[in-house]
Amino acid sequence: MRVPSSLKSHAPGRARLSARAARRLTLPPLLIVLLSIWLALPAAAQTGGLVPETRQLLRETEEALPRIEQDYAGALRARNAIEPLREALRARLQQLERRQRDFDQQVARLGPKPAWDETEAVAAQRRELAALQAAFEAEYRPVLLAAQQSEQMWHRLTEIRRTLFAKRLTMNVASILDPIFWRDVATVELPRFAVQTEQLLRSWADYVSSHDTVEMGLALLACTVGLVLFVLRLHRRIAERARTVEAQAEAVTERAALQRGAIVFVMRALPLPLAALLFAFVARHLDVAPPEVDEFLTAVAIALLVLGTARGAMGALLAPRAARWRIVRASDDSAAAVTFMVVGALDLYTAGIIATSFQTLVGQRIETEIATIMVLTVAMIGLVAVGFRRLDRASGPPAGFVTLDATWTRPIVSLVCVAAGLCLAFGYVALAGFLSGRLAMSCLAVAVAILIVTTLDQLLDRGQASQTRAGAALAAMLGLSHHAIDLAGVALSGLTRLAVIVTTGLIVLAPWGLEYGDVNPFGDFAAWFATTDLRSGLGTFGFALLAFVLGIVGTKLVVDWMDTALLPRTSLDPSLRHSIRTVLGYAGFAVTALGALSLMGINAQNIAVIAGALSIGIGFGLQSIVGNFVSGLILLAERPVRVGDVVVIKGEEGRVQRISVRSTVIGTFQQASVVIPNSDLIASVVRNRNLANANLELRFTLVLDHDADVARADAVVVTAAEGHANVLKTPKPRVLFVRITEIGQELEVRCSADRFENKRQVRSDLHHRIAEAFRQEGLRFARYPHAMAALSTSAQAEDTD
């Protein structure tokens with residue numbers, strides 16, 4: 001472009017100035033661009049290998065789909081293989097998107113290309129940015145395409161697993177009552193299983209011999225046996241030491257029981273699984289076992305971890321052999337029965353995992369697996385029946401610290417066992433095994449959750465976080481008060497408890513199971529309970545209704561927790577706590593209602609239009625209700641009348657018990673309740689005895705004999721008032737020498753009660769204390785009828801205040 005003639009005389013000077021300024025201004029951006037290129041080189045190299053690797057894996061997975069569609073474990077392995085590449089591609093896309101934003105900012109700083117020629121430095125920078133943008137596009141598009149393809153394949157494999165899972169559970173194979181099935185298992189499958197096991201052991205020995213790892217295998221076996229013996233010996237010594245300490249302990253507190261429970265949990269949960277994992281790890285790296293045997297050893301370690309966790313949790317919670325250290329309150333017989341059921345169920349469950357994994361290892365047919373599931377399910381049903389019978393016969397005094405009502409679990413467990421038995425009778429063996437396995441794992445999850453929640457309750461949720469070493473150190477480091485640390489501990493306990501409850505719910509409800517090869521209880525929860533499937537199954541209205549019910553329940557739980565755990569530990573007065581609780585409840589209801597309406601396709605704008613259209617009808621038909629609602633919001637916000645205040649309205653006097661958005665409940669001194677619309681409290685004249693002076697002053701008169709020592713009487717009365725727990729320290733109690741009459745010396749006692757409802761009791765207590773103190777000090781009251789009349793008049797005046 002040519003420079004306009006009007007700018008020719010100034011163009012050279014401006015061009016020189018612009019060139020110098022451009023060189024100074026473009027040097028930092030150029031350095032930034034070069035630095036970003038240098039930093040992007042390793043990532044680009046990584047991307048260069050990431051995309052081909054993803055494409056190769058997706059191609060292999062696509063070719064293997066006909067086989068994967070018939071193999072649940074194969075679909076899981078394929079999805080787990082894609083998972084790290086999928087996450088790496090996501091991370092790489094985020095990096096590239098950040099680079100794109102940097103490019104856009106640099107182009108924005110350069111501005112649009114001018115209509116006339118620009119300086120050479122700016123033009124060079126613009127060309128360099130264009131080249132970098134082209135290189136970026138060449139790198140970004142393959143990554144984006146690979147990420148989309150991996151995401152599609154991941155969801156496809158998840159859908160395959162869902163289909164196979166449902167197909168497996170609903171497959172009708174053979175009834176447990178079928179004698180032909182058991183004849184085939186005994187005469188055909190068991191001999192075949194023995195032959196295949198012998199072949200596996202022979203092939204394992206050949207594998208070790210061919211890899212010259214016989215010596216390593218024998219050394220590994222010896223080391224494993226020695227490690228197991230060492231762990232068992234160490235466990236026995238620690239247990240003996242713990243029993244000695246338990247026997248010497250005089251008084252057992254809940255904190256000490258929790259500490260002992262933590263030690264028991266770790267001692268029983270970790271040793272054997274760690275030994276098994278160590279054996280599997282060493283065997284894999286020393287190459288003394290085939291790859292399929294490594295997978296079996298890993299499954300054994302996981303099964304032992306589940307079993308150890310169950311034994312540790314029940315030993316910590318119920319302590320069948322150490323009643324003094326029991327956390328959950330129960331008798332010895334009940335603790336032994338519950339431990340027998342839970343640990344026995346987990347024993348059978350882990351035995352099923354190991355048996356199923358070994359049958360898969362030897363390549364056994366499905367009939368053997370079906371027979372194994374049948375036997376273990378029947379054993380679990382019988383174990384539960386025996387456990388319930390022992391519970392019915394349980395007797396003895398309960399011991400423990402935490403009281404739990406677990407009676408509601410018995411119908412659920414019984415129903416699951418009956419359903420599993422019916423499934424076995426009608427041939428749905430996989431569904432019976434799933435129900436029994438889910439029952440066992442749910443018991444374990446609930447036991448661990450109780451242990452965690454109890455520990456949190458002891459450490460954080462009792463307003464004593466600042467008394468621990470960590471709490472005191474945190475308060476000193478942050479400069480916070482102990483009260484603030486206690487409140488933070490309560491809030492943290494509530495959040496952690498919510499996380500524990502949600503996690504336990506996912507474990508109980510998620511469609512997972514170790515028997516299906518999946519050790520992650522959360523991997524398929526969102527995919528299994530897909531929102532779209534749930535919406536299509538329930539319908540739009542049903543889905544919105546379900547969301548509304550869940551929102552209301554969640555709001556109630558949160559409000560109840562704040563009302564019982566958090567707000568009572570604050571310095572807020574009861575009326576303000578009531579206002580916060582009420583406002584949060586109605587706010588949660590409003591948010592839940594709006595969310596449910598939005599799920600039905602009704603947005604806030606439509607609601608506003610409908611409300612505007614109905615405003616006239618509301619104004620005439622629902623005027624009083626709307627007026628009371630608005631008045632209730634005003635009462636909760638301004639708080640002219642608070643819960644606990646003593647008020648007089650329209651001839652009714654009493655204490656405010658509850659304030660809602662429609663009405664206020666007042667309890668009279670005649671043991672009656674009066675419901676007053678909120679609009680009357682706003683529009684009428686209300687006499688609030690607590691509003692002007694919440695710290696109510698208490699006055700009463702004493703008439704002493706003429707010979708009494710007034711100074712000593714003054715000291716005695718002040719000491720009695722200051723020693724009362726419900727008399728405020730500020731303003732200080734005082735005694736006024738009012739006058740001397742023919743009756744005697746008249747004193748007026750003034751002090752302040754902490755609450756209006758304590759006023760009568762404080763005055764009665766002070767009368768008793770002062771009378772007893774005067775008797776001990778030899779001080780006498782005036783003994784004339786006029787004095788009694790004066791005291792009676794003073795008391796009546798006090799009652800009317």
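**Entry 1: strand β8 and its partners**

I started at Arg734, which stands opposite Arg750 in β8. This is a predicted model, and I read it as such. I counted six bridges between β7 and β8, and the two strands run antiparallel. A hairpin of four residues makes the link from β7 to β8.

Next I looked at the other side of β8. Strand β8 covers residues 745–752, and eight bridges join β6 to it, again antiparallel. I noted two facing pairs here. Leu704 is opposite Gln745 of β8. Leu698 is opposite Cys751 of β8.

I then wrote down the whole sheet. It is open, has three strands and follows the order β6-β8-β7, with antiparallel pairing. The edges are β6 (697–704) and β7 (734–740); each has a single partner strand, so one side of each has no neighbour in the sheet. From one strand to the next the twist averages 20°.

**Entry 2: how covered is β8?**

How many of the residues of β8 are buried? I found eight of its eight, so I logged the strand as mostly covered, given that buried means under 20% relative accessible area. I wanted to know how this splits over the two faces. In a regular strand, side chains alternate between the two faces of the sheet. On one side of β8 I listed Gln745, Leu747, Val749 and Cys751, all buried. On the other side I listed Glu746, Glu748, Arg750 and Ser752, also all buried. Both faces are therefore covered, with buried again meaning under 20% relative accessible area.

I looked for a helix against this sheet. Helix α24 (residues 759–777) lies across β6 and β8. Its direction is at about 30° to β6.

**Entry 3: the five-stranded sheet and Thr664**

I moved to the other sheet I had marked. Five strands form it, open, in the order β4-β3-β2-β1-β5, and the pairing is antiparallel. Here β4 (673–677) and β5 (687–688) are at the edges; each has a single partner strand, so one side of each is left without a neighbour in the sheet.

I checked the β3 to β4 pairing. Five bridges join these antiparallel strands. Ile666 has Val674 in β4 as its bridge partner.

I then picked Thr664, in strand β3 (residues 663–668). Is Thr664 buried or exposed? Its relative accessibility is 1%, so it counts as buried. Its side chain makes a polar contact of 2.7 Å with the side chain of Asn678. I also listed what Thr664 touches, leaving out residues up to four places away in sequence. The list is Leu635, Val656, Arg658, Ile659, Val674, Val675, Ile676, Asn678 and Leu681.

**Entry 4: helix α5**

I tested the length of α5 (residues 179–210). With 32 residues at 1.5 Å a residue, the helix should span 46 Å. I read 45 Å between its end C-alpha atoms, which agrees. I also noted a kink of about 40°, centred on Val185.

Val185 is one of the buried residues of α5. The others I wrote down are Phe181, Glu189, Gln196, Thr197, Leu200, Tyr207 and Val208. At the start of the helix, a side-chain oxygen of Asp178 comes within 3.2 Å of the backbone nitrogen of Ile180.

**Entry 5: α9, α10 and the loop between them**

I stopped at Ala319, in the loop between α9 (291–317) and α10. Its phi is near 40°, a positive value in a residue other than glycine. Ala319 has a relative accessible area of 3%, so I logged it as buried.

From the loop I went into α10 (residues 332–362), where Ser357 lies. Which backbone oxygen does the side chain of Ser357 reach? I found that of Ile353, at 2.8 Å. Ser357 touches Phe296 and Ala299, not counting residues up to four places away in sequence. I also took the C-alpha to C-alpha distance from Ser357 to Glu369: 9.7 Å, for 12 residues apart in sequence.

**Entry 6: the whole chain**

I closed with the totals. The chain has 25 helices and eight strands. Of its 801 residues, 38% count as buried. I also looked at contacts between residues at least 6 apart in sequence. Of these, 74% join residues at least 24 apart.

Technical notes
Residues numbered from 1 in each chain as written. Predicted model: local features only at pLDDT ≥ 70, side-chain atom pairs only at ≥ 80, totals over all residues. Heavy atoms only, no water. Expected span 1.5 Å × (residues − 1). Bend = angle between axes of the 7 residues up to and from the residue. Buried < 20%, exposed > 50% of the residue type's maximum accessible area, 1.4 Å probe, protein only. Polar contact = N/O pair within 3.5 Å; in protein donor to acceptor, adjacent residues only side chain to side chain. Pairing = 2+ DSSP bridges. Axes fitted to C-alpha atoms, helices over the stretch in contact; angles between N-to-C directions. Contact = heavy atoms within 4.5 Å.
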